[in-house]
Amino acid sequence: MPRPTIHDVAEVAQVSLATVDRVLNDRGGVAAKSVSKVLNAVEKTGYVRDQAAANLSRRRAERFAVVLPEGPSEFLDALRFALQQETARLTADRIEFEERTSASSDINATATTLQHLMHNPCTCVAVMAPDVPSVREEVANLTRAGVKVITLVSDLPGSTRSTFVGIDNISAGRTAARFMGRFVGQSKGKVKVIVGSLDARDHTERLMGFKQVMRASYPKLEVLPVVEGYDNAKRVRAVVNETLRQPVLGIYHTGAGNEGLADALARHQRPRPTTIVHELTPHSRNALHQDLFDLVIDQDPARAARRAITLMRDLSAGRPVAVSDGDIPLNIFIKENTP
């Protein structure tokens with residue numbers, strides 16, 4: 001069956017070819033009713049625009065950018081690698097791709113990086129950033145300049161971003177709590193939560209979900225004061241060593257630096273607490289096999305990268321994007337189902 005063409009779209013929408021062209025290339029000057037007709041016709045016919053040809057017709061190349069925190073992190077390394085693998089799809093369509101990093105030790109560093117992008121205009125930006133006013137302000141500035149912004153891994157709800165790509169982090173926290181309660185059983189005792197940063201929306205949502213289930217379903221388990229590990233293995237190791245000075249039944253770690261957690265548990269002499277962490281990386285995989293961790297909640301960085309690039313392409317082309325298009329499912333790993 002031949003691929004649908006712009007002529008098919010015009011026929012179904014009952015508008016001129018010129019109107020279809022203006023809508024698909026976002027040239028403006030088309031009544032809202034006609035825009036709706038064209039978009040509906042695109043969906044009905046299954047028409048897919050040749051992005052490379054469209055870019056050539058406008059004598060320009062699209063530019064995508066991604067902004068990620070810097071610093072050692074196995075999860076971020078996997079996400080960067082996956083994004084780089086996706087760039088081959090972009091080059092063929094004359095879409096330029098740029099990766100920028102911002103200092104994770106400075107909560108305002110991402111805002112500065114986003115500000116610099118205003119001087120080198122992009123079509124779309126995917127950003128993993130702390131939920132702070134300075135970042136929200138720069139997202140708003142980019143949006144006003146016509147740049148589509150996607151939040152990646154950690155959301156900025158209520159901001160002007162176009163969509164979010166990532167897991168439901170509240171659900172992730174609730175899942176961790178449910179497994180913690182099931183693993184610990186009817187025992188009465190204490191549970192420690194270590195978050196990466198309370199400025200990171202994904203971590204605060206995981207904490208929120210965890211506490212919701214613990215309060216409602218496991219009142220015998222006391223959640224100790226939360227400590228930030230700053231996604232740093234050395235810092236996480238020190239926090240866990242201090243925590244293990246008292247009896248604890250469980251540890252839930254929401255961030256990176258799991259190698260520090262595993263090291264502290266390996267040196268612990270008393271019975272090991274039930275331990276639940278995030279992201280299946282080489283270190284967390286090894287810790288599962290060594291019976292240092294009980295469960296890993298993973299969000300598949302390769303899948304997130306593919307979804308982010310797809311949505312950036314859709315937004316750039318003016319195609320409609322649903323809220324659910326950015327959803328990434330949770331994967332649950334234990335020793336027995338981890339190769």
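1. In this predicted model, Leu79 is in contact with Leu68, Leu152, Val153, Pro301 and Ala305, leaving aside residues up to four places away in sequence. Leu79 also belongs to the largest nonpolar core, which has 44 residues. Together with Leu152, Val165 and Phe210, Leu79 is listed among the residues with the most contacts inside that core.

2. Which helix gives this core its largest share? Helix 13, residues 301–317, does so with seven residues. A further core of 20 residues lies apart from the one just described, and its members include Leu224, Val248, Leu265 and Val296.

3. The model holds an open sheet of five strands, arranged in the order 2-1-3-4-5 with parallel pairing. Strand 2 (95–102) and strand 5 (163–165) form the edges, each pairing on one side only. On average, neighbouring strands of the sheet are turned by 20 degrees against each other, direction ignored.

4. How many bridges join strand 1 to strand 2? Strand 1, residues 62–69, is joined to strand 2 by eight bridges, and the two run parallel. One residue pair can be located directly in the structure: Ala65 has Glu98 in strand 2 as its bridge partner.

5. Two helices that pack on the sheet deserve attention. Helix 6 (residues 109–117) touches strand 1, strand 2 and strand 3 (124–127), and the direction of helix 6 makes about 150 degrees with that of strand 2. Helix 13 touches strand 1, strand 2, strand 3, strand 4 (148–152) and strand 5. The direction of helix 13 makes about 165 degrees with that of strand 4.

Note on methods. Residues are numbered from 1 along each chain as its sequence is written. This is a predicted model: local features need pLDDT of at least 70, side-chain atom pairs count only at pLDDT 80 or more; totals for chains, interfaces and linings use all residues. Side-chain values use heavy atoms; hydrogens and water are left out. A nonpolar core is a set of buried Ala, Val, Leu, Ile, Met, Phe, Trp, Tyr and Cys residues joined through side-chain atoms within 4.5 Å. Buried means under 20% relative accessible area, exposed over 50%, partly exposed in between (1.4 Å probe, protein chains only). Helices (H or I, at least four residues) and strands (E, at least two) are DSSP runs, numbered from the N terminus. Contact means heavy atoms within 4.5 Å. Two strands pair if DSSP finds at least two bridges between them. Axes are lines fitted to C-alpha atoms, for helices over the stretch in contact, and angles run from 0 to 180 degrees between N-to-C directions.
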